[in-house]
Amino acid sequence: MPSSMNLVSTRVPRHSLYSLSDSSDSDPDNEEEQDSPRRLTPLEKLTLDMCHDEKTIKELNVGRRVGFYKVCGEIGCGNFSKVKLAFHALTKDKVAVKVVDKMRLDLSTQRMLSREISIMESLHHPNILWLYEVLEAPSRLYLVLEYAGGGDLHARISSEGKLSDLESKLVFAQIMSAVKYMHDSNIIHRDLKAENILFTSYSCVKVADFGFSTKISSRSQMLDTFCGSPPYAAPELFKDEAYMGPPVDVWAMGVLLFFMVTGSMPFRADTVPKLRRCVLQGVYVIPTWVSAPCQRLIRGILKPEPTERCALDQMLGCEWLLPVETLRSNPHFYQLNPVQLLKVRSGWAEQEEVHAALQKLGVTKEHILNNQGKNSRSPITGIYRIVLHRIQRNKGAECLPSITGVVRDPKRDSLRAYRNLRHTSKLCVLS
Ligand code: AMP
């Protein structure tokens, strides 16, 4: 077990199972019960195994376990990281663990990584990948993330071709909802691209990879670092001038939308200088079979002048998306902190359920208080967020946007696409 890695405060209580709400209270009239041996809670057993069980210690030493997570195979690879599939040893939930080799990071990438963590910690939206926990060892950093088993949008389109009009609406509406939430929180993603849109189910998407993201103090704040992927870069980025954050994300969304509905990129070239010329010239051709309302939206977004580009609010109310209802309740940000469980039970819907689930695992009020202030760098926060997320998902917090009708398009009957989609995903169809 790497020495600097976080561990739960492992004091195993002598007394009987204590509840979350009164962990250290003992009953003086019940001495007999206190002295009789009792079963360890799952959390106590796991914590003891990690210190004394030979097999568990070996797994920790060879990297088949990281903290409370059992690591399986590799599922992806980034510049400085590997992404592995893992299971939480107590809750049994699947997670993705991004393993970052700290030795390969220079000062600027270290800064980017800590910004990625703090920005992910500050965001809580059904279409943004959850960060459950961060673990640190001398040479590695582990980001425990929500697992997105459906692959990324780029891989989906590369293997299955362009999305249907209806699928594009569903996916685009979710991306818009996430980006609007980010911009309302003064976060600019700066690397929106199909590879960073992950599927957790056939049609539910999550925006991932906040490595280039930044927090701005106001909408008009100018930024000056060229970030992201050239095919998605707005013209102002190629001009080496200071730029405003929100329109840069909006442009990338225009490229994404074009890619979704056509299966190809609006600006293509075999070298970056040629691509730069293409983007600055601003010439692209939308195939005629793309529906007229969708064409109008793409043209409204891919405007060379950032101030003339569609704003997110305009995009949300555009004609193409009219049948898609994107308003869903966002889980509350404050709920990300397990201390919320200790507050008087009244406010939020899942509190009782999460409380019961944690109690069953052996998480106590004492554990929560001992791990206070550590944010994601606490295994108690990890357990808590995984359980909370599962309960919220089961209650429909991540249901797809609902379709309130179908835009009639005499040329291409979208009804057929709609029927096909109904077989592959559960949509909430209101009319
Ligand atoms: P990244 O280092 O974030 O670019 O991730 C590299 C690859 O790992 C991605 O292209 C995905 O295929 C995969 N990946 C990253 N995060 C997740 C996740 N949360 N769930 C499933 N796969 C992921």
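Buried residues account for 51% of the 431 residues in the chain. The model is predicted. Its secondary structure comprises 15 helices and 14 strands. The exposed surface of the chain is about 20,500 Å². Carbon and sulfur atoms supply 51% of that surface. Long-range pairs feature strongly in the contact list. Of the contacts between residues at least 6 apart in sequence, 68% join residues at least 24 apart.

The ligand was examined next. The ligand sits in the largest pocket. Elements that contribute two or more residues to the shell around the ligand are β2 (69–77), β3 (81–88) and β4 (94–101). Strand β2 gives the largest share, with three residues. In total, 14 residues surround the ligand. The closest are G76, S81, K98, E146 and A148.

Three of these closest residues also appear in polar pairs with the ligand. For E146, the protein partner is a polar backbone atom, and a nitrogen atom of the ligand is 2.8 Å from that atom. For K98, a polar side-chain atom lies 3.2 Å from an oxygen atom of the ligand. For S81, a polar side-chain atom lies 3.4 Å from an oxygen atom of the ligand. Taken alone, the ligand exposes 480 Å². The protein buries 80% of that area.

Attention then turned to A252. This residue is found in helix α8, which spans residues 245–262. Is A252 buried or exposed? The relative accessibility of A252 is 5%. Buried means under 20% relative accessible area. A252 therefore counts as buried.

The surroundings of A252 were also listed. Neighbours within four places in sequence were left aside. On that basis, A252 is in contact with L192 and Y232. A further pair, A252 and S229, was compared by C-alpha position. These two residues are 23 residues apart in sequence. Their C-alpha atoms are 9.3 Å apart in space.

In brief, the predicted model places the ligand in the largest pocket, with S81 and K98 offering side-chain atoms to ligand oxygen atoms and E146 offering a backbone atom to a ligand nitrogen atom. Within helix α8, A252 is buried and contacts L192 and Y232.

Methods:
Residues are numbered from 1 along each chain as its sequence is written. This is a predicted model: local features need pLDDT of at least 70, side-chain atom pairs count only at pLDDT 80 or more; totals for chains, interfaces and linings use all residues. Side-chain values use heavy atoms; hydrogens and water are left out. Helices (H or I, at least four residues) and strands (E, at least two) are DSSP runs, numbered from the N terminus. Buried means under 20% relative accessible area, exposed over 50%, partly exposed in between (1.4 Å probe, protein chains only). Contact means heavy atoms within 4.5 Å. Accessible areas come from the Shrake-Rupley method with a 1.4 Å probe; for residues, only the protein chains shown count as cover. A residue is near a molecule or strand if one of its heavy atoms lies within 4 Å of it. A polar contact is a pair of N or O atoms within 3.5 Å; within protein, one must be able to donate a hydrogen and the other to accept it, and residues adjacent in sequence count only if both atoms are side-chain atoms. On a 1 Å grid over the protein atoms alone, a cavity is a set of points where a 1.4 Å probe fits but cannot get out, and a pocket is an open set with protein on both sides within 12 Å along at least five of seven lines; lining residues have an atom within 4 Å of a point. A molecule sits in a cavity or pocket if more than half of its atoms lie within 2 Å of its grid points.
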